[in-house]
Amino acid sequence: MLWTLSSRLLCVNSCKGTFKSLIKVHNATFSSITFKQGSVKNVCKQSILQFGKPIVRPTETLAANAIATSSVKAQKIVGYWLLGCSGMVFGAVVLGGVTRLTESGLSMVTWKLLGEKLPISQIEWEKEFERYKEFPEYKMKNSSMTLEEFKWIWWMEYAHRTWGRCIGGFFLLPATYFWFKGWFNPIMKKRVAVFAALIAAQGLMGWYMVKSGLEEERFQSQSEVVRVSQYRLASHLSLAFILYTGFLWSALDNLIPAQKPASLAPGVRQIRMLAHSCKGLAFLTAISGAFVAGLDAGLVYNSFPKMGDDWIPKEILSLKPVMSNFTENPVTVQFDHRILGTATVCAISVLWLLSRKRQLPPRAHTAANALTAMAWLQVTLGITTLLHYVPVSLAALHQSGSLILLSFAVWLSHELKHVKRIVK
């Protein structure tokens with residue numbers, strides 16, 4: 001009887017072992033089939049609970065990694081596109097500066113949204129030249145200009161306008177594609193809408209600026225210099241700088257997000273505030289440079305550090321009302337530009353000295369070094385341009401330098417974007 005009971009227990013245990021083996025084989029087969037299907041949806045539906053926790057299939061991890069990789073790739077593509085847009089705007093600013101310095105901006109007396117018809121034949125060029133002769137610049141300044149000379153300034157303005165339209169296309173087509181692909185988050189969608197509005201406003205302001213140089217009522221005597229309104233020129237440049245800054249900041253968000261420090265040392269918040277102040281000063285100095293260009297104020301006093309024999313020229317407040325001197329008196333405009341440039345380089349130097357004593361994110365130190373070096377280079381370029389009576393090459397470099405300086409200021413403030421409080 002004992003033998004019979006032992007036999008039965010052995011049989012039961014054997015059956016249990018066999019049953020467990022069958023379950024393992026079944027589960028292994030089931031997992032293999034699920035893995036081959038590669039469907040996250042099916043895996044989620046077929047997950048079983050073991051001790052109250054879901055079993056995560058290999059396909060879930062693979063799919064999650066694939067989605068994350070795709071998201072990062074999309075972010076990088078958007079970032080490079082935004083960086084390209086900022087580069088296009090940079091090129092437009094440089095080309096616009098050269099156009100202004102070569103006095104080519106008033107050669108095209110019409111404006112069409114999709115671009116003017118390109119003259120090909122001799123008859124078409126002569127017809128374009130005849131249109132130019134109807135406006136103040138030819139009548140009061142370039143009455144001896146030949147057709148070949150006109151062609152040169154016309155091509156300069158045509159290149160500037162064509163580049164501006166290319167910016168619109170370079171922005172709009174990818175933006176539309178990325179929007180429908182779902183690559184923009186809610187914040188980026190708002191920025192893209194603002195960028196589109198700024199590009200449109202920039203084009204309209206460009207024509208509004210040119211139009212000011214074509215209005216005969218603005219020039220009553222032969223002694224007056226025919227040029228565009230310095231107010232509209234400054235507005236045109238301001239829009240370009242704002243657009244450039246927005247593109248660059250957004251590109252940095254996507255390509256090299258600001259580093260979040262583990263801890264913030266005392267005094268770092270002041271560095272962040274000073275960085276924003278330096279950025280503002282760089283922007284104001286550049287806009288004051290637009291008034292210098294608009295009034296040809298760089299040709300008034302070509303000495304440094306004094307203006308002639310005086311530190312403060314006697315003509316500085318010669319116009320009435322007094323406030324008009326700051327935007328209409330070439331002497332005052334050049335003086336203001338000197339003061340703003342000096343204040344900017346001093347503020348940036350103080351920022352650099354303080355940054356060396358503070359614990360900042362690693363890239364922030366690099367940005368501070370680059371900003372300081374560029375600030376001193378920009379001052380050197382400005383002084384050299386002034387002493388050499390504003391040659392086109394040096395003046396164009398100086399204007400480009402202002403945008404590079406602003407770029408480094410934007411980079412530094414971006415690296416410090418997470419520094420918002422003082423750790424005590």
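Biologist: Buried means under 20% relative accessible area, exposed over 50%, and partly exposed in between (1.4 Å probe, protein chains only). Which of those does Asp296 count as, and at what relative accessible area?
Modeller: This is a predicted model, where local features need pLDDT of at least 70, side-chain atom pairs count only at 80 or more, and totals for chains, interfaces and linings use all residues. Numbering runs from 1 along each chain as its sequence is written, and side-chain values use heavy atoms, without hydrogens or water. Asp296 sits in the loop between helix 9 and helix 10 and has a positive phi of about 55° despite not being a glycine. It's partly exposed, at 28%.

Biologist: And Tyr389, what's its relative accessibility?
Modeller: Tyr389 is another non-glycine with a positive phi, near 60°. You'll find Tyr389 in the loop between helix 12 and helix 13 (helices being DSSP H or I runs of at least four residues, strands E runs of at least two, numbered from the N terminus). Tyr389 counts as exposed, at 56%.

Biologist: Which loop holds Pro321?
Modeller: Check omega there: the peptide bond from Lys320 to Pro321 is cis, near 0°. The bond from Phe304 to Pro305 is cis too, with omega near 10°, and Pro305 is in the loop between helix 9 and helix 10 (325-328). Pro321 is likewise in the loop between helix 9 and helix 10.

Biologist: Which helix gives the largest share of the largest nonpolar core?
Modeller: That core (buried Ala, Val, Leu, Ile, Met, Phe, Trp, Tyr and Cys joined through side-chain atoms within 4.5 Å) has 65 residues, with Trp81, Phe247 and Leu351 among those with the most contacts inside it. Elements giving two or more residues include helix 3 (58-101), helix 8 (230-255) and helix 11 (330-355). The largest share, 12 residues, comes from helix 8.

Biologist: How many residues are in the other core, the one with Met108 and Phe129?
Modeller: Take Leu351 in the largest core: leaving out residues up to four places away in sequence, Leu351 touches Ile271, Leu274, Ala275, Cys278, Leu371 and Leu412 (contact being heavy atoms within 4.5 Å). Apart from that core lies the other one, with Val109 and Leu147 also among its members, and its count is 19 residues.

Biologist: How many contacts does the model have over residues 22-53, beyond near neighbours in sequence?
Modeller: Overall, pLDDT (the predictor's confidence in each residue, 0 to 100) averages 85 for the chain, and 81% of residues score at least 70. Residues 1-16 stay under 50, with zero contacts beyond four places in sequence. Residues 22-53 are also below 50, but their contact count is 26.
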